[in-house]
Amino acid sequence: MDGACEVELRSGDVVRVRPIHDSDAFELQRAFALMSEQSQYRRFLTGTPRLTDSQAAYFTAVDHVGHEAYVAHSPDDETYIIGVARFIRYASAPDDAELAITVADTWHGRGLATALLRVLTARAVEVGVKRFRAEMMADNEPILRLLRRAGMTDETVRGEVASGSIELAPPG
């Protein structure tokens, strides 16, 4: 499965997006280590000082159907991961999948999360996912805006965590 493509962002930057590989574990750890504490907290909804080897292995060992992930690379260095979008299907509800998007701090506000969501959504529809569910920090306005624009419904806030779902439209 190649699936690589170049994507022009809202900012005019061009990035390369491709499915994640097992061999990306180290670069995923490096990308996570370069994120601010706030970005790390927003990704895992808890303090996570580093991505462990076992976490990195889990996040890169995807089957591309029940667990899919795409990475974006800097145009200057194809080894440097600047963003990741993934879905993981729920075993109890295989039409639904958990959605997660992470973007390197230096790439915030350029449209990378939007581009990653678009690529990931196309793949999800292709493999039969009908709904994304997402949980995020309630104060994470950029991701909330992104998901609202993508059609998020059932938005609820409990304490510091917001959640909602996005119905995925079939092709055509």
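## Overview

A residue is called buried here when its relative accessible area is under 20%, and exposed when that area is over 50%. By that rule, buried residues make up 47% of the 172 residues in the chain. The model is a predicted one.

The chain holds five helices and eight strands. From the N terminus on, the elements run β-β-α-α-α-β-β-β-α-β-α-β-β. Among contacts with a separation of 6 or more, 57% link residues 24 or more positions apart. The chain exposes about 8900 Å². Carbon and sulfur atoms supply 51% of that area.

## The sheet

The eight strands form an open sheet with mixed pairing. Their order is S1-S2-S3-S4-S5-S6-S8-S7. Strand S1 (5–8) and S7 are the edge strands, and each pairs on one side only. From one strand to the next, the twist averages 25 degrees.

## Strand S8 and its partners

Strand S8 covers residues 161–167. Five of its seven residues are buried, so the strand is largely enclosed by the rest of the structure. Strand S6 (residues 131–137) runs antiparallel to S8, and seven bridges join the two. Along this pairing, Ala134 stands opposite Gly164, and Met136 stands opposite Ala162.

Strand S7 (residues 153–158) also pairs with S8 in the antiparallel sense, over four bridges. Here Val157 stands opposite Ala162. Ala162 in S8 thus has Met136 and Val157 as opposite residues. S7 and S8 form a hairpin with two residues between them. Gly159, in the turn, has a positive phi of about 65 degrees.

Helix H5 (residues 141–149) lies across strand S5 (93–103), S6, S7 and S8. H5 runs at about 160 degrees to S6.

## Helix H4

Helix H4 spans residues 112–126. At 1.5 Å a residue, its 15 residues should span 21 Å. The end C-alpha atoms are 21 Å apart, which agrees.

The buried residues in H4 are Leu112, Ala113, Ala115, Leu116, Leu117, Val119, Leu120, Arg123, Ala124 and Val125. Just after H4, Gly128 takes a positive phi of about 95 degrees.

## Nonpolar cores

In soluble globular proteins, nonpolar side chains tend to be buried together. The largest nonpolar core in this model has 37 residues. Those with the most contacts inside this core are Val15, Leu99, Ile101, Leu112, Phe132 and Leu147. Strand S2 (14–19), S3, strand S4 (77–90), S5, H4, S6, H5 and S8 each supply at least two residues. H4 gives the most to this core, with nine residues.

Ile101 shows who meets whom. Not counting residues up to four places away in sequence, Ile101 touches Val84, Ala85, Ala113, Leu117, Ile143 and Leu146. Two of these partners, Ala113 and Leu117, are among the buried residues of H4. A second, separate core has 14 residues, including Ala31, Leu51, Phe59 and Val62.

## Ala104, between S5 and H4

Ala104 sits in the loop between S5 and H4. With a relative accessible area of 12%, Ala104 is buried. Leaving aside neighbours within four places in sequence, Ala104 is in contact with Tyr80 and Ile82. Ala104 and Ile82 are 22 residues apart along the chain, yet their C-alpha atoms are separated by 5.0 Å.

## Positive phi outside glycine

Most residues other than glycine have a negative phi. His64 has a positive one, near 70 degrees. His64 lies in the loop between helix H3 (53–60) and strand S3 (67–74). At 18% relative accessibility, His64 counts as buried, because the cut-off is 20%.

Asp154 also has a positive phi, near 55 degrees. The place of Asp154 is in strand S7, which is an edge strand of the sheet. At 58% relative accessibility, Asp154 counts as exposed.

Note on methods: Residues numbered from 1 in each chain as written. Predicted model: local features only at pLDDT ≥ 70, side-chain atom pairs only at ≥ 80, totals over all residues. Heavy atoms only, no water. Buried < 20%, exposed > 50% of the residue type's maximum accessible area, 1.4 Å probe, protein only. Pairing = 2+ DSSP bridges. Contact = heavy atoms within 4.5 Å. Areas by Shrake-Rupley, 256 points an atom, 1.4 Å probe, with all protein chains shown as cover. Axes fitted to C-alpha atoms, helices over the stretch in contact; angles between N-to-C directions. Expected span 1.5 Å × (residues − 1). Core = buried A, V, L, I, M, F, W, Y, C linked by side-chain atoms within 4.5 Å.
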